[in-house]
Amino acid sequence: MGNADSKLHFRKAVIQLTTRTQPVEASDNVFWDQFWSDPSTTVQDVFALVPAAEIRAVREESPSNLATLCYKAVERLVRAADSGCSSDRDRGVVLNCTRLLTRILPYIFEDADWRGFFWSTVPGAGRRLDGDVEDGDARPLAESLLLAVSDLLFCPDFTIQRRSGADSSEDVQSIDSCEFIWEVGVGFAQAPPPNSAHDMNRTELLKLLLTCFSEAMYLPPSGNRTLNPWVCFFCSPENRHALPLFTSLLNVVCAYDPVGLGIPYNHLLFWDRREQLVEQALQVLVVVLDPEPEPEPSPPVFQASGPENLFVSYLSRIHREEDLAFVLRGLARLLNNPLVQTYLPRSARRIRFHQELLVLFWKLCDFTRFSVLFQKFLFFVLKSSDVLEVLVPILFYLNHARADQSRLGLTHIGVFILLLLSGERNFGVRLNKPYSLRVPMDIPVFTGTHADLLIVIFHKLITGGHQRLQPLFDCLLTVVVNISPYLKSLSMVAATKLLQLLEAFSAPWFLFSSAQNHHLVFFLLEVFNNIIQYQFDGNSNLVYAIIRKRALFHQLANLASDAASIHRALLRRRRRSGVSGKTSGDSRSMEGSRPAVPAEPGTLKASLEATPGTSSLPVDHTESEAARSRPSSVSSTADWSPTTDWVLSWKAKLPLQTIMRLLQVLVPQVEKICIDKGLTDESEILKFLQHGTLVGLLPVPHPILIRKYQPNASTAFWFRTYMWGVIYLRNLDPPIWYDTDIRLFEIQRI
């Protein structure tokens, strides 16, 4: 009965906020204590007892009551941060204030008139929140809140273990929080004893931090080109816990092992509270490491005008090999978790925060472009085959998400990571390692290398993915072009897939359907040229596949460019697809591609801004003809139509010389040996090709052209939007931002 009565008092207090004719005085502690004095209140209770409609009603009809409620909740957190949480009652008050602010803040942010409230000072707040300070010098409420939460994340008996022999009245403000980092790892060698209660309390405080940072979700895209004041202050030198918080968040994520001792079905028997903490820590980490925007056309930097982002600074200082190995090993272990095979079905725990992990890995690699200090991580990733421990799960996620419209963002970030890695020579070299792991993927069985796996998966994305992946085709082929000079031996399966792509992309109807489609042919021809010129000796499978499909290259060389032929090619395609009139978006899709498979009923999807194509991904000075002449992949082609002059302008530049010379030399030799020896088995032809040579017969080798990803405002903003979309969808229990007026992206119920 007592529990029910306390819930009733809480509910009545919420109603009184809107129904009282006079504002409730801030000094009426009996009234305000009803919101946080009950130790049995849960986060679910707070979200149920404080409905969205009533928060908005208080905001509109009784703004002074809402302001006082926020102020009083922050005041209690500041008081607890000053004095500690020595009793169960104190700890209950802190948690209830945390939950209440987590519930209310999104409704503060969705109203433009209220967004500045937390950055103003409340009359009379100076004395209570900052000791003996005049009101004019009082901290804004937001700063007081962020500093209080930071202190509480290192509060003895609440979020950290009290040192043995320490006084129970130990002052929170005097604690050196660097001695209380939450997990062993970077900068900390001691393993703190596990404590599920502390993990739960940390998780709730981190949820509040994430909610504070989420003001970005309520600003339109144009408004997200400025600094996030919450993140800016939290990561500034004003926060004395910045270093231990950074290392705690990073170590908690990278040290986590969801499998544990490997006991089957242990996740069904025990509730792993650490996983919730890991997920919240990861989300806070990717938000505070978000590079602050710079207005165009200046190149984006990770630190704009304003105080230094200490979290980015600390990340750049990680240099010891054991620390870099700890981070890479931890991320790889978590990314590979869904791929783990067990004899007993579903006996091992599966994590669901792989998208946040990919965002963090992207940031670690992308920061390399901002500072020489960050190059240590990318160099470490690529100096051994450990990078393949990240590659395989990325390819798994790409393959798994290719036909699911609700996971389009996951596909994009996976491709962008591979594009960034492919700009480094060592990545291509590492791909020559044999692929022996058998991950459950619906791909052809093959014996080969990790490069073969990448090409097979890319082929599936292009031919078996949905139509909305087509803007990524040039990104996918750019990756293949970048790695091609280093591929020592492609399997027959991978070689055949590349020729199948050329056959599809060189079809006249496809070439003439879009102003950009011919660039895909340029990319594939460059792949073949790189392998022939630099890795001919080990690639008899690809040479044989080229010989078998030699008609494709002759057709390209003799592509008809007169108006009648162009018209016939487009008309033939329209008849096959049942499309009349001008070429539609569907008719420009790859043959074999399909509409996105509907997501499960009730799925929420964050619709992101248009994903930048490689036209928005600047390349280095070694770009090729295809890259130089590529128009924007997101520009409208509704008024465009192919002409003879247009076809001739790029047909004359097709890099066919090397391939035609190869065919001129080898085709007669292969035909002769087949006739002379009566060969019908392709294995004998492959043996002949393995011992063949083209030394002195091919044109002078062209320079290796690598297209390196360069940071730019468009991709930085896309990643920021994607990151917040993921965070929104991953926080539905409790539903922190559900049914609020999000403006950064659109929420759809599928």
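Of the 750 residues of the protein chain, 58% count as buried, where buried means under 20% relative accessible area, exposed over 50% and partly exposed in between, with a 1.4 Å probe and protein chains only. The model is a predicted one, in which local features need pLDDT of at least 70 and side-chain atom pairs count only at pLDDT 80 or more, while totals for chains, interfaces and linings use all residues. Residues are numbered from 1 along each chain as its sequence is written, and side-chain values use heavy atoms, with hydrogens and water left out.

The protein chain has 33 helices and two strands; these are DSSP runs, with helices being H or I of at least four residues and strands E of at least two, numbered from the N terminus. Contacts, defined as heavy atoms within 4.5 Å, reach far along the sequence: residues 24 or more positions apart account for 79% of the contacts in the protein chain with a separation of 6 or more.

Helix α18 offers a good place to look at burial. This helix covers residues 388–401, 14 residues in total, and reaches 20 Å from its first C-alpha to its last. That value is close to the 20 Å expected at 1.5 Å a residue, the expected span being 1.5 Å times one less than the number of residues. Because 12 of the 14 residues of α18 are buried, the helix is largely enclosed by the rest of the structure. The buried residues include Leu388, Val390, Leu391, Val392, Pro393 and Ile394 in α18, along with Leu395, Phe396, Tyr397, Leu398, Asn399 and Ala401. Their cover includes α15 (321–335), α16 (354–366), α19, α20 (425–430) and α21 (450–464).

Two of these covering helices can be followed through a leucine each. In α19 (residues 408–422) sits leucine 408, which counts as buried because its relative accessibility is 11%. The C-alpha atoms of leucine 408 and leucine 398 are 9.4 Å apart, with their positions 10 residues apart in sequence. Beyond its neighbours within four places in sequence, leucine 408 is in contact with His466, Arg468 and Leu469. Helix α16 holds leucine 357, which is buried because its relative accessible area is 1%. Leucine 335 is 22 residues away from leucine 357 along the chain, with 7.1 Å between the C-alpha atoms. With neighbours within four places set aside, leucine 357 is in contact with Val253, Leu282, Leu331, Leu334, Leu335 and Ile351.

Polar side chains can be buried here too. Lysine 497 lies in helix α23 and counts as buried because its relative accessibility is 15%. Its C-alpha is separated by 6.4 Å from that of histidine 459, 38 residues apart along the chain. His459 is also one of the contacts of lysine 497 outside the four places on either side, together with Pro444, Ile455 and Val456.

Just past this helix, serine 506 is found in the loop between α23 (492–505) and α24 (508–511). Serine 506 counts as buried because its relative accessibility is 10%. A polar atom of the serine 506 side chain lies 2.6 Å from the backbone oxygen of leucine 502. Apart from residues up to four places away in sequence, serine 506 touches Leu511, Val521, Leu552 and Leu556.

The aromatic residues come next. The structure holds 32 aromatic pairs, counted when rings of Phe, Tyr and Trp (its six-membered ring) have centres within 6.5 Å; planes under 30 degrees apart are stacked, over 60 edge-to-face and the rest tilted. One of them joins tryptophan 509 and phenylalanine 510, which is edge-to-face because the ring centres are 5.5 Å apart and the planes lie at 85°. Both tryptophan 509 and phenylalanine 510 are buried. Elsewhere, ring pairs link Phe109, Trp114, Phe117, Phe118, Trp119, Tyr218 and Trp230 into a cluster. Arginine 20 lies over the face of phenylalanine 31, at 4.8 Å from the ring centre; for such a placement, NZ of Lys or CZ of Arg must be within 6 Å of the ring centre and within 35 degrees of the ring normal.

Finally, a search of the whole structure finds zero disulfides, a disulfide being a pair of cysteine sulfur atoms within 2.5 Å. Cysteine 155 is in no disulfide, and the nearest cysteine sulfur, that of cysteine 85, is 3.9 Å away. Cysteine 155 is buried because its relative accessible area is 0%, and cysteine 70 counts as buried because its relative accessibility is 1%.

Key. A polar contact is a pair of N or O atoms within 3.5 Å; within protein, one must be able to donate a hydrogen and the other to accept it, and residues adjacent in sequence count only if both atoms are side-chain atoms.
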